[in-house]
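Reader: I have a structure open and would like to learn how to read it. Please take me through some features one at a time.

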Amino acid sequence: MTDSKAGLERHKPPGKFAFLPWLFMLTGDVQDLFRGEVPLPWLGGPGVLAFAAMYVLTVFTGLDGRYRTTRVPRLSLAGLAVVTYALTIGYGGDWLLCFPLLSLASGIVLRRGLTESGRELGVLVFTLAGSAGVIASLRGSPSESLTVAYGTLLSGFVTAAILTLFETVAQLRATREELARSAVERERLRFSRDLHDLLGHTMSVIVVKAEAVRRLAPRDLDAAVGQAADIEAVGRQALTEIREAVTGYREGSLTTELDRARSLLEASGITADLRQSGPPLPPQTAALLGWVVREGVTNVVRHSGAGRCTVEVRGETDRVRLEITDNGRGVGSGQAGPGTGLKGLTERIAAAGGHLTAGPDGRRGFRLVAELPVDPESEEDHRS
(Lines give C-alpha, C1' and ligand atoms only; values in the text may rest on other atoms or scores of the structure.)
Protein backbone atom coordinates (compact mmCIF):
# COMPACT_ATOMS: atom_id res chain seq x y z
CA MET A 1 0.00 0.00 0.00
CA THR A 2 2.88 2.34 0.80
CA ASP A 3 4.49 1.65 -2.57
CA SER A 4 1.18 2.34 -4.31
CA LYS A 5 0.85 5.71 -2.61
CA ALA A 6 4.47 6.55 -3.43
CA GLY A 7 3.81 5.74 -7.08
CA LEU A 8 0.79 8.01 -7.14
CA GLU A 9 2.80 10.81 -5.52
CA ARG A 10 5.43 10.57 -8.24
CA HIS A 11 2.77 10.95 -10.94
CA LYS A 12 0.87 13.87 -9.46
CA PRO A 13 0.51 16.94 -11.70
CA PRO A 14 2.64 20.06 -11.04
CA GLY A 15 1.62 21.89 -7.88
CA LYS A 16 0.57 25.46 -7.35
CA PHE A 17 4.07 26.82 -6.80
CA ALA A 18 5.46 25.23 -9.97
CA PHE A 19 3.96 28.03 -12.10
CA LEU A 20 5.03 31.01 -9.99
CA PRO A 21 8.61 31.27 -11.38
CA TRP A 22 7.12 32.28 -14.75
CA LEU A 23 6.42 35.68 -13.21
CA PHE A 24 10.14 36.40 -13.60
CA MET A 25 9.33 37.04 -17.27
CA LEU A 26 8.18 40.48 -16.09
CA THR A 27 11.55 41.29 -14.49
CA GLY A 28 12.44 43.64 -17.35
CA ASP A 29 9.24 45.63 -16.83
CA VAL A 30 9.94 46.01 -13.13
CA GLN A 31 13.48 47.18 -13.84
CA ASP A 32 12.15 49.76 -16.31
CA LEU A 33 9.82 51.04 -13.60
CA PHE A 34 12.65 51.50 -11.11
CA ARG A 35 14.82 53.22 -13.72
CA GLY A 36 12.06 55.65 -14.54
CA GLU A 37 12.00 54.59 -18.20
CA VAL A 38 8.25 54.00 -18.15
CA PRO A 39 5.75 56.86 -18.48
CA LEU A 40 3.24 57.21 -15.67
CA PRO A 41 5.06 54.84 -13.28
CA TRP A 42 2.42 55.50 -10.64
CA LEU A 43 0.05 53.52 -12.93
CA GLY A 44 2.57 50.94 -14.15
CA GLY A 45 3.70 49.94 -10.65
CA PRO A 46 0.24 49.14 -9.29
CA GLY A 47 -0.56 47.51 -12.64
CA VAL A 48 2.32 45.03 -12.30
CA LEU A 49 1.38 44.28 -8.70
CA ALA A 50 -2.25 43.75 -9.72
CA PHE A 51 -1.17 41.44 -12.54
CA ALA A 52 1.04 39.36 -10.21
CA ALA A 53 -1.69 39.13 -7.58
CA MET A 54 -4.37 38.10 -10.10
CA TYR A 55 -1.99 35.58 -11.70
CA VAL A 56 -1.22 33.94 -8.34
CA LEU A 57 -4.91 33.89 -7.43
CA THR A 58 -5.87 32.36 -10.79
CA VAL A 59 -3.19 29.65 -10.61
CA PHE A 60 -3.91 28.73 -7.00
CA THR A 61 -7.69 28.54 -7.41
CA GLY A 62 -7.39 26.79 -10.77
CA LEU A 63 -5.30 23.98 -9.26
CA ASP A 64 -7.23 23.72 -6.00
CA GLY A 65 -9.92 21.07 -6.17
CA ARG A 66 -12.07 22.97 -3.70
CA TYR A 67 -12.63 25.75 -6.25
CA ARG A 68 -12.99 23.52 -9.31
CA THR A 69 -16.79 23.70 -9.37
CA THR A 70 -16.99 27.37 -8.36
CA ARG A 71 -16.75 30.57 -10.40
CA VAL A 72 -13.72 31.88 -8.51
CA PRO A 73 -11.05 30.66 -10.99
CA ARG A 74 -12.92 32.06 -13.98
CA LEU A 75 -13.58 35.40 -12.29
CA SER A 76 -9.91 35.76 -11.33
CA LEU A 77 -8.96 34.80 -14.92
CA ALA A 78 -11.25 37.52 -16.22
CA GLY A 79 -9.62 40.04 -13.87
CA LEU A 80 -6.19 38.92 -15.04
CA ALA A 81 -7.26 39.43 -18.66
CA VAL A 82 -8.45 42.99 -17.95
CA VAL A 83 -5.13 43.90 -16.31
CA THR A 84 -3.19 42.26 -19.16
CA TYR A 85 -4.96 44.21 -21.90
CA ALA A 86 -4.62 47.45 -19.95
CA LEU A 87 -0.85 47.05 -19.43
CA THR A 88 -0.04 45.85 -22.95
CA ILE A 89 -2.14 48.48 -24.71
CA GLY A 90 -0.76 51.21 -22.48
CA TYR A 91 2.91 50.25 -22.54
CA GLY A 92 3.67 47.58 -25.18
CA GLY A 93 7.29 46.39 -25.36
CA ASP A 94 8.26 43.80 -22.75
CA TRP A 95 4.83 44.19 -21.17
CA LEU A 96 3.51 42.04 -24.02
CA LEU A 97 4.92 39.03 -22.15
CA CYS A 98 1.86 39.29 -19.96
CA PHE A 99 -0.06 37.55 -22.75
CA PRO A 100 1.83 34.21 -22.55
CA LEU A 101 1.29 34.26 -18.77
CA LEU A 102 -2.41 34.97 -19.26
CA SER A 103 -2.60 32.10 -21.75
CA LEU A 104 -0.81 29.80 -19.29
CA ALA A 105 -3.34 30.68 -16.58
CA SER A 106 -6.15 30.04 -19.07
CA GLY A 107 -4.78 26.55 -19.73
CA ILE A 108 -4.85 25.86 -15.99
CA VAL A 109 -8.41 27.07 -15.45
CA LEU A 110 -9.97 25.66 -18.63
CA ARG A 111 -7.96 22.44 -18.95
CA ARG A 112 -11.07 20.36 -18.23
CA GLY A 113 -12.43 21.50 -21.56
CA LEU A 114 -9.44 19.85 -23.26
CA THR A 115 -10.68 16.41 -22.31
CA GLU A 116 -14.20 17.18 -23.54
CA SER A 117 -14.27 19.29 -26.68
CA GLY A 118 -11.50 21.84 -26.20
CA ARG A 119 -13.64 24.49 -27.87
CA GLU A 120 -13.73 26.97 -24.99
CA LEU A 121 -10.00 26.81 -24.34
CA GLY A 122 -9.20 26.87 -28.07
CA VAL A 123 -11.31 29.96 -28.75
CA LEU A 124 -9.83 31.83 -25.80
CA VAL A 125 -6.19 30.95 -26.55
CA PHE A 126 -6.53 31.86 -30.24
CA THR A 127 -8.19 35.12 -29.24
CA LEU A 128 -5.35 35.94 -26.84
CA ALA A 129 -2.73 35.03 -29.45
CA GLY A 130 -4.42 37.21 -32.03
CA SER A 131 -4.71 40.11 -29.58
CA ALA A 132 -1.05 39.76 -28.63
CA GLY A 133 -0.04 39.78 -32.31
CA VAL A 134 -2.15 42.83 -33.15
CA ILE A 135 -0.99 44.87 -30.13
CA ALA A 136 2.62 43.89 -30.77
CA SER A 137 2.38 44.95 -34.43
CA LEU A 138 1.02 48.32 -33.37
CA ARG A 139 3.60 48.85 -30.61
CA GLY A 140 6.58 46.94 -32.07
CA SER A 141 7.99 45.10 -35.10
CA PRO A 142 6.24 42.40 -37.19
CA SER A 143 8.77 39.78 -36.05
CA GLU A 144 7.98 40.57 -32.42
CA SER A 145 4.29 40.23 -33.26
CA LEU A 146 4.75 36.66 -34.51
CA THR A 147 6.95 35.72 -31.55
CA VAL A 148 4.51 36.97 -28.92
CA ALA A 149 1.51 35.43 -30.71
CA TYR A 150 3.23 32.04 -31.05
CA GLY A 151 4.38 32.09 -27.41
CA THR A 152 0.86 32.94 -26.27
CA LEU A 153 -0.66 30.15 -28.36
CA LEU A 154 1.88 27.57 -27.22
CA SER A 155 1.82 28.32 -23.49
CA GLY A 156 -1.94 27.87 -23.14
CA PHE A 157 -2.25 24.59 -25.03
CA VAL A 158 0.94 23.02 -23.64
CA THR A 159 -0.02 23.86 -20.04
CA ALA A 160 -3.50 22.38 -20.45
CA ALA A 161 -2.14 19.27 -22.19
CA ILE A 162 0.53 18.60 -19.55
CA LEU A 163 -1.83 19.04 -16.61
CA THR A 164 -4.51 16.89 -18.24
CA LEU A 165 -1.97 14.17 -19.00
CA PHE A 166 -0.64 14.10 -15.44
CA GLU A 167 -4.11 14.00 -13.94
CA THR A 168 -5.23 11.28 -16.35
CA VAL A 169 -2.20 9.14 -15.52
CA ALA A 170 -2.83 9.58 -11.80
CA GLN A 171 -6.47 8.57 -12.25
CA LEU A 172 -5.51 5.53 -14.31
CA ARG A 173 -2.97 4.40 -11.70
CA ALA A 174 -5.52 4.82 -8.93
CA THR A 175 -8.04 2.83 -10.96
CA ARG A 176 -5.52 0.06 -11.60
CA GLU A 177 -4.65 -0.13 -7.91
CA GLU A 178 -8.33 -0.43 -7.08
CA LEU A 179 -8.79 -3.15 -9.69
CA ALA A 180 -5.78 -5.01 -8.29
CA ARG A 181 -7.17 -4.83 -4.76
CA SER A 182 -10.56 -6.02 -6.00
CA ALA A 183 -8.98 -8.91 -7.91
CA VAL A 184 -7.00 -10.00 -4.85
CA GLU A 185 -10.09 -9.76 -2.67
CA ARG A 186 -12.07 -11.84 -5.16
CA GLU A 187 -9.32 -14.45 -5.15
CA ARG A 188 -9.34 -14.56 -1.36
CA LEU A 189 -13.11 -14.93 -1.34
CA ARG A 190 -12.88 -17.74 -3.89
CA PHE A 191 -10.29 -19.53 -1.76
CA SER A 192 -12.38 -19.19 1.40
CA ARG A 193 -15.40 -20.60 -0.41
CA ASP A 194 -13.38 -23.49 -1.80
CA LEU A 195 -12.03 -24.27 1.66
CA HIS A 196 -15.53 -24.16 3.11
CA ASP A 197 -16.81 -26.49 0.40
CA LEU A 198 -13.93 -28.89 0.98
CA LEU A 199 -14.23 -29.06 4.75
CA GLY A 200 -17.95 -28.58 5.37
CA HIS A 201 -19.12 -31.98 4.17
CA THR A 202 -15.98 -33.79 5.35
CA MET A 203 -16.22 -32.51 8.91
CA SER A 204 -19.91 -33.38 9.04
CA VAL A 205 -19.09 -36.96 8.02
CA ILE A 206 -16.34 -37.19 10.63
CA VAL A 207 -18.66 -35.93 13.39
CA VAL A 208 -21.41 -38.40 12.45
CA LYS A 209 -19.02 -41.35 12.32
CA ALA A 210 -17.35 -40.32 15.59
CA GLU A 211 -20.77 -40.37 17.24
CA ALA A 212 -21.36 -43.83 15.74
CA VAL A 213 -18.06 -45.06 17.21
CA ARG A 214 -19.07 -43.77 20.61
CA ARG A 215 -22.42 -45.57 20.43
CA LEU A 216 -21.10 -48.83 18.97
CA ALA A 217 -17.96 -49.22 21.10
CA PRO A 218 -19.73 -50.67 24.20
CA ARG A 219 -21.87 -53.11 22.14
CA ASP A 220 -20.07 -53.98 18.86
CA LEU A 221 -16.33 -53.40 18.85
CA ASP A 222 -15.81 -54.63 15.29
CA ALA A 223 -18.41 -52.22 13.93
CA ALA A 224 -16.85 -49.38 15.94
CA VAL A 225 -13.42 -50.23 14.49
CA GLY A 226 -14.93 -50.13 11.00
CA GLN A 227 -16.37 -46.67 11.66
CA ALA A 228 -12.99 -45.51 13.02
CA ALA A 229 -11.32 -46.73 9.84
CA ASP A 230 -13.82 -44.72 7.83
CA ILE A 231 -12.92 -41.64 9.90
CA GLU A 232 -9.25 -42.21 9.13
CA ALA A 233 -9.96 -42.53 5.40
CA VAL A 234 -12.12 -39.42 5.35
CA GLY A 235 -9.47 -37.49 7.31
CA ARG A 236 -6.73 -38.49 4.90
CA GLN A 237 -8.87 -37.46 1.96
CA ALA A 238 -9.58 -34.13 3.64
CA LEU A 239 -5.86 -33.50 4.17
CA THR A 240 -5.20 -34.22 0.51
CA GLU A 241 -7.93 -31.83 -0.58
CA ILE A 242 -6.67 -29.10 1.77
CA ARG A 243 -3.13 -29.43 0.41
CA GLU A 244 -4.47 -29.17 -3.13
CA ALA A 245 -6.52 -26.10 -2.23
CA VAL A 246 -3.67 -24.34 -0.41
CA THR A 247 -1.19 -24.92 -3.21
CA GLY A 248 -3.76 -23.86 -5.78
CA TYR A 249 -3.32 -27.23 -7.50
CA ARG A 250 -6.12 -29.61 -8.31
CA GLU A 251 -5.73 -32.87 -10.20
CA GLY A 252 -2.07 -32.15 -10.96
CA SER A 253 -2.72 -29.19 -13.30
CA LEU A 254 -0.20 -26.33 -13.32
CA THR A 255 -2.13 -25.03 -16.31
CA THR A 256 -5.05 -24.23 -14.01
CA GLU A 257 -2.88 -21.97 -11.87
CA LEU A 258 -1.43 -20.27 -14.94
CA ASP A 259 -4.96 -19.59 -16.18
CA ARG A 260 -5.85 -18.04 -12.82
CA ALA A 261 -2.70 -15.91 -12.97
CA ARG A 262 -3.65 -14.68 -16.43
CA SER A 263 -7.12 -13.78 -15.22
CA LEU A 264 -5.75 -11.92 -12.18
CA LEU A 265 -3.21 -9.97 -14.25
CA GLU A 266 -5.70 -8.99 -16.92
CA ALA A 267 -8.26 -7.94 -14.31
CA SER A 268 -5.58 -5.64 -12.84
CA GLY A 269 -4.77 -4.02 -16.18
CA ILE A 270 -1.40 -5.81 -16.55
CA THR A 271 -0.48 -7.40 -19.87
CA ALA A 272 0.10 -11.12 -19.25
CA ASP A 273 2.59 -13.23 -21.22
CA LEU A 274 2.41 -16.85 -20.00
CA ARG A 275 4.48 -19.63 -21.58
CA GLN A 276 4.90 -23.32 -20.72
CA SER A 277 7.14 -25.81 -22.48
CA GLY A 278 8.72 -29.16 -21.84
CA PRO A 279 7.45 -32.60 -20.78
CA PRO A 280 4.60 -33.09 -18.28
CA LEU A 281 5.63 -32.45 -14.68
CA PRO A 282 5.14 -34.78 -11.72
CA PRO A 283 2.11 -33.75 -9.64
CA GLN A 284 4.02 -32.56 -6.55
CA THR A 285 6.48 -30.53 -8.63
CA ALA A 286 3.63 -28.94 -10.57
CA ALA A 287 1.79 -28.17 -7.33
CA LEU A 288 4.82 -26.43 -5.82
CA LEU A 289 5.41 -24.39 -8.97
CA GLY A 290 1.73 -23.48 -8.94
CA TRP A 291 2.19 -21.99 -5.49
CA VAL A 292 5.18 -19.96 -6.74
CA VAL A 293 3.07 -18.68 -9.64
CA ARG A 294 0.26 -17.70 -7.28
CA GLU A 295 2.54 -15.88 -4.82
CA GLY A 296 4.70 -14.21 -7.45
CA VAL A 297 1.83 -12.97 -9.61
CA THR A 298 -0.12 -11.75 -6.58
CA ASN A 299 2.87 -9.65 -5.49
CA VAL A 300 3.24 -8.26 -9.01
CA VAL A 301 -0.38 -7.16 -8.92
CA ARG A 302 -0.27 -5.70 -5.43
CA HIS A 303 3.14 -4.04 -5.25
CA SER A 304 5.06 -3.72 -8.53
CA GLY A 305 3.08 -1.06 -10.43
CA ALA A 306 4.00 -2.99 -13.59
CA GLY A 307 2.30 -2.80 -16.96
CA ARG A 308 3.52 -6.18 -18.17
CA CYS A 309 4.30 -9.50 -16.50
CA THR A 310 5.91 -12.59 -18.06
CA VAL A 311 5.58 -16.06 -16.54
CA GLU A 312 7.66 -18.76 -18.23
CA VAL A 313 7.89 -22.45 -17.30
CA ARG A 314 10.67 -24.37 -19.06
CA GLY A 315 10.78 -28.08 -18.29
CA GLU A 316 13.55 -30.56 -19.11
CA THR A 317 13.95 -34.24 -18.41
CA ASP A 318 15.59 -33.74 -15.02
CA ARG A 319 14.92 -30.10 -14.10
CA VAL A 320 12.26 -27.40 -14.43
CA ARG A 321 12.68 -23.64 -14.26
CA LEU A 322 9.97 -21.09 -13.50
CA GLU A 323 10.68 -17.41 -14.13
CA ILE A 324 8.39 -14.47 -13.33
CA THR A 325 9.45 -11.02 -14.50
CA ASP A 326 7.74 -7.65 -14.62
CA ASN A 327 8.55 -4.11 -15.77
CA GLY A 328 7.54 -2.41 -12.52
CA ARG A 329 9.52 -0.48 -9.94
CA GLY A 330 11.98 -3.29 -9.18
CA VAL A 331 10.39 -4.15 -5.80
CA GLY A 332 7.31 -6.01 -4.76
CA SER A 333 7.68 -9.66 -4.02
CA GLY A 334 9.44 -9.01 -0.78
CA GLN A 335 6.51 -7.19 0.67
CA ALA A 336 4.84 -10.23 2.08
CA GLY A 337 5.49 -11.17 5.66
CA PRO A 338 7.68 -14.07 6.81
CA GLY A 339 6.16 -17.48 6.22
CA THR A 340 3.77 -16.32 3.49
CA GLY A 341 6.07 -14.58 1.03
CA LEU A 342 9.55 -15.19 -0.29
CA LYS A 343 10.78 -16.75 2.94
CA GLY A 344 8.11 -19.43 2.92
CA LEU A 345 8.60 -20.10 -0.79
CA THR A 346 12.36 -20.38 -0.39
CA GLU A 347 11.98 -22.92 2.41
CA ARG A 348 9.50 -25.04 0.48
CA ILE A 349 11.60 -24.99 -2.69
CA ALA A 350 14.74 -25.88 -0.73
CA ALA A 351 12.94 -28.79 0.98
CA ALA A 352 12.16 -30.17 -2.49
CA GLY A 353 15.82 -29.95 -3.53
CA GLY A 354 15.56 -26.76 -5.55
CA HIS A 355 16.38 -23.11 -5.03
CA LEU A 356 14.68 -19.76 -5.44
CA THR A 357 16.19 -16.37 -6.25
CA ALA A 358 14.49 -12.98 -6.39
CA GLY A 359 15.62 -9.41 -6.93
CA PRO A 360 15.52 -6.33 -9.18
CA ASP A 361 15.78 -7.04 -12.89
CA GLY A 362 18.11 -4.31 -14.12
CA ARG A 363 17.01 -0.70 -13.78
CA ARG A 364 13.34 -1.58 -13.80
CA GLY A 365 11.35 -4.63 -12.93
CA PHE A 366 11.59 -7.61 -10.63
CA ARG A 367 12.63 -11.18 -11.36
CA LEU A 368 11.60 -14.31 -9.44
CA VAL A 369 13.25 -17.59 -10.47
CA ALA A 370 12.50 -21.03 -9.06
CA GLU A 371 14.31 -24.21 -10.13
CA LEU A 372 13.33 -27.71 -9.09
CA PRO A 373 14.64 -31.18 -9.86
CA VAL A 374 12.27 -33.53 -11.64
CA ASP A 375 12.21 -37.10 -10.39
CA PRO A 376 9.01 -38.89 -11.44
CA GLU A 377 9.81 -42.06 -9.47
CA SER A 378 10.36 -40.27 -6.19
CA GLU A 379 7.21 -38.28 -6.78
CA GLU A 380 5.21 -41.46 -7.22
CA ASP A 381 6.78 -42.96 -4.10
CA HIS A 382 5.92 -39.82 -2.13
CA ARG A 383 2.27 -39.96 -3.23
CA SER A 384 1.94 -43.64 -2.40
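What follows is a short dialogue on the sheet, some helices and the salt bridges.

Author: Bear in mind that this is a predicted model.

Reader: Let us begin with the sheet. In what order do the strands stand, and how are they paired?

Author: Follow the neighbours across the sheet, not the numbering along the chain. Here five strands make an open sheet with the order β1-β2-β3-β5-β4, and the pairing is mixed. The edges are taken by β1 (271–277) and β4 (355–360). Each of these has a single partner strand, so one of its sides has no neighbour in the sheet. From one strand to the next, the twist averages 5°.

Reader: In which sense do β1 and β2 pair, and over how many bridges?

Author: Strand β2 covers residues 308–315, and its pairing with β1 is parallel, over seven bridges. To find your place there, look for S277, which stands opposite R314 in β2.

Reader: How do β2 and β3 run relative to each other?

Author: They run antiparallel, and seven bridges join them. The two strands form a hairpin, with three residues between them. One position to look at is T310, whose bridge partner in β3 is T325.

Reader: What lies on the other side of the pairing, between β3 and β5?

Author: β3 and β5 also pair, in the antiparallel sense and over eight bridges. I324 is found opposite L368 of β5. As for cover, β3 is mostly shielded, with six of its eight residues buried.

Reader: Which strands does helix α11 touch, and at what angle does it run to β3?

Author: For a helix on a sheet, ask which strands it contacts and then how its direction compares with theirs. Helix α11 (residues 283–304) packs on the sheet and touches β2, β3 and β5. Its direction makes about 10° with that of β3. Helix α12 (residues 342–351) lies across β4 and β5, and runs at about 150° to β4.

Reader: Next, a helix taken by itself. How does the length of α4 agree with its number of residues?

Author: Compare the expected span with the distance between the end C-alpha atoms. Helix α4 (residues 72–91) has 20 residues, and at 1.5 Å a residue it should span 28 Å. Its end C-alpha atoms are 28 Å apart, which agrees. After α4 comes G92, which has a positive phi, near 65°.

Reader: Which residues of α4 are buried?

Author: Among them are L77, L80, V83, T84 and L87. T84 has a relative accessible area of 0%. Leaving aside residues up to four places away in sequence, T84 touches F51, C98, F99 and L102.

Reader: Now the charged residues. Why would two of them pair?

Author: Side chains of opposite charge can pair when their charged atoms come close. In the whole structure a search finds 13 salt bridges. One of them joins E167 and R111, with the closest N and O atoms 3.0 Å apart. This pair links distant parts of the chain, 56 residues apart. E167 is in helix α8 (residues 142–216), while R111 is in the loop between α5 (98–109) and α6 (112–116).

Reader: Are those two buried or exposed?

Author: E167 counts as buried at 11% relative accessibility, and R111 is buried with a relative accessible area of 2%.

Reader: Which salt bridges tie β3 to β5?

Author: Take R321 and E371, whose side chains meet in a salt bridge at 2.6 Å, N to O. R321 belongs to strand β3 (residues 319–326) and E371 to strand β5 (residues 366–373), so the pair ties together parts 50 residues apart in sequence. R321 is partly exposed at 24% relative accessibility, whereas E371 is buried at 17%.

Then take R367 and E323, with their closest N and O atoms 2.0 Å apart. R367 lies in β5 and E323 in β3, so this pair ties together parts that are 44 residues apart in sequence. R367 is partly exposed, with a relative accessible area of 28%, whereas E323 is buried, at 14%.

Reader: Which residues are joined into a network by salt bridges that share partners?

Author: D273, R275, R308, E312 and R314 are joined into one network in this way.

Key
Residues are numbered from 1 along each chain as its sequence is written. This is a predicted model: local features need pLDDT of at least 70, side-chain atom pairs count only at pLDDT 80 or more; totals for chains, interfaces and linings use all residues. Side-chain values use heavy atoms; hydrogens and water are left out. A salt bridge is a side-chain nitrogen of Lys or Arg within 4 Å of a carboxyl oxygen of Asp or Glu. Helices (H or I, at least four residues) and strands (E, at least two) are DSSP runs, numbered from the N terminus. Buried means under 20% relative accessible area, exposed over 50%, partly exposed in between (1.4 Å probe, protein chains only). The expected span of a helix is 1.5 Å times one less than its number of residues. Two strands pair if DSSP finds at least two bridges between them. Axes are lines fitted to C-alpha atoms, for helices over the stretch in contact, and angles run from 0 to 180 degrees between N-to-C directions. Contact means heavy atoms within 4.5 Å.
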